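Visitor: I am new to this structure and should be grateful for a close look at a single part of it. Please take me through that part with some care.

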Amino acid sequence: MTEAERVLLDLLNIERLEVDLFRGTGSGGETPTRIFGGQVIAQALAAAYRTVEDRLCHSLHAYFIRPGDPSIPVIYQVDRARDGGSFTTRRVVAIQHGKQILNMSASFHKQDDGWDHQHPIPNVDGPELYPSRDDLRQKYLGRVPDKLKSEFLRERPIEVREVDPLDLFTPSKADDKNYLWFRMGAANDADTITQHLLLAYASDMGLLTSGMRPHGLSWFTGEIDGASLDHAIWFHAPVMFQNWHLYSMESPWTGQGRSFNRGSIFSQDGKLVASVAQEGLLRRRRLR
């Protein structure tokens, strides 16, 4: 297990303070200046799971209200909204500095029998044919200011291989269809709940960039104010995130300073394991 993988697993191991009250670490995620959205979602889901027995999350819906401060912990307060015969509902509020930074509703389902169908996995080459995130970033190292190089090259826990990566600093306009492979090797011994938490964390990676692609934008061009506004996940099938998964993303609409994006996450053998939808802020950077 790498140090980055250990840090992520520690982030998901939130501390119980009182009945239905939990504390999670703010630092250590994908981004240094504010808490990575997937981190808050995963910790909020972890808090909800601590109040549920014998049921798995089938959907969650979250709103990002304020940027998270990575220098302090996050408090998660769980409301046991309903315990029904087939479904359990929880509401979770994430708090920093006495204010909400996220609120989330999550539903948990007792497994039922029914009919089955799914869309097929896209026809994309396997991950072994694409460069790693580390290899791609080495290519751009000469264009990164010295003070940012250590953060730029910092080891991350999720292994990512983009199918059609654009130039980080001078991206050309491209189709909104966006594919990446991802996995985390240290998930090999993880239980079912932790597998859900890891996928929830990773589901915030690359999604908003789908709405940037048709406009030749990236996080590194310095032109945009961007952030996740809301995020929804539907879990369909068991997750084994130690194995490669394909994240198939698209952006059907961008406008009015916002971008709508959706994604499907497939196991490498073609099983649709989760669906994701997100709207994000995507507007021209304002002078301050």
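Which residues lie nearest the centre of the second largest pocket, and how many residues line the pocket?

Guide: The model shown here is a predicted one. In this model, 24 residues line the second largest pocket, and those nearest its centre are Gln 111, Asp 116, Phe 235, His 236 and Ala 237. Two elements each give two or more residues to this lining, namely strand β3 (56–64) and helix α5 (192–202). The space within the second largest pocket comes to about 780 Å³. By character, its lining residues comprise 9 nonpolar, 10 polar and 5 charged ones. The location of the pocket follows from the origin of its lining: residues come both from domain 1 (1–110) and from domain 2 (128–287), and therefore the second largest pocket lies between the two domains.

Of the elements named above, helix α5 merits further attention. This helix is mostly covered, with 9 of its 11 residues buried. The buried residues of α5 include Thr 194, Gln 195 and His 196, and Tyr 201 is also among them.

Tyr 201 leads to the aromatic contacts, of which a search of the whole structure finds 7 pairs. In one of these, Tyr 201 is joined with Phe 36: the ring centres are 5.0 Å apart and the planes stand at 65°, so the arrangement is edge-to-face. Because Tyr 201 belongs to helix α5 while Phe 36 is placed in the loop between β2 (21–24) and α2 (37–49), this pair ties together parts that are 165 residues apart in sequence. Phe 36 and Tyr 201 are both buried.

A further edge-to-face pair is formed by Phe 182 and Phe 241, with 5.2 Å from centre to centre and 80° between the planes. Phe 182 is in strand β8 (residues 178–183) and Phe 241 in the loop between β9 (224–235) and β10 (245–255), so here the parts tied together are 59 residues apart in sequence. Phe 182 is buried, as is Phe 241.

Aromatic rings also form a cluster, in which ring pairs link Tyr 140, Phe 152, Phe 169 and Phe 220. One member of that cluster, Phe 152, has Arg 137 over its face, at 4.6 Å from the ring centre.

To complete the account, some individual residues may be considered beside these contacts. Val 92 is located in strand β5 (residues 87–96). Its relative accessibility is 1%, and because buried means under 20%, Val 92 counts as buried. Between Val 92 and Val 74 there are 12 Å in space, C-alpha to C-alpha, and the two are 18 residues apart in sequence.

Two loop residues may be set side by side for their backbone angles. Asp 20 is not a glycine, although its phi is positive, at about 65°. Asp 20 is found in the loop between β1 (15–18) and β2, and its relative accessibility of 14% is the reason why it counts as buried. His 97, likewise a residue other than glycine, has a positive phi near 50°. The loop between β5 and β6 (99–109) holds His 97. With a relative accessible area of 59%, His 97 is exposed, whereas Asp 20 is buried.

Methods
Residues are numbered from 1 along each chain as its sequence is written. This is a predicted model: local features need pLDDT of at least 70, side-chain atom pairs count only at pLDDT 80 or more; totals for chains, interfaces and linings use all residues. Side-chain values use heavy atoms; hydrogens and water are left out. On a 1 Å grid over the protein atoms alone, a cavity is a set of points where a 1.4 Å probe fits but cannot get out, and a pocket is an open set with protein on both sides within 12 Å along at least five of seven lines; lining residues have an atom within 4 Å of a point. Grid points are joined across faces, edges and corners, and a volume is the space filled by probe spheres set on the points. Helices (H or I, at least four residues) and strands (E, at least two) are DSSP runs, numbered from the N terminus. Ala, Val, Leu, Ile, Met, Phe, Trp, Tyr, Cys and Pro count as nonpolar, Asp, Glu, Lys and Arg as charged, and the others, Gly among them, as polar. Domain bounds come from an automatic or database domain assignment. Rings of Phe, Tyr and Trp (its six-membered ring) pair if their centres lie within 6.5 Å; planes under 30 degrees apart count as stacked, over 60 as edge-to-face and the rest as tilted. Buried means under 20% relative accessible area, exposed over 50%, partly exposed in between (1.4 Å probe, protein chains only). A charge sits over a ring if NZ of Lys or CZ of Arg is within 6 Å of the ring centre and within 35 degrees of the ring normal.
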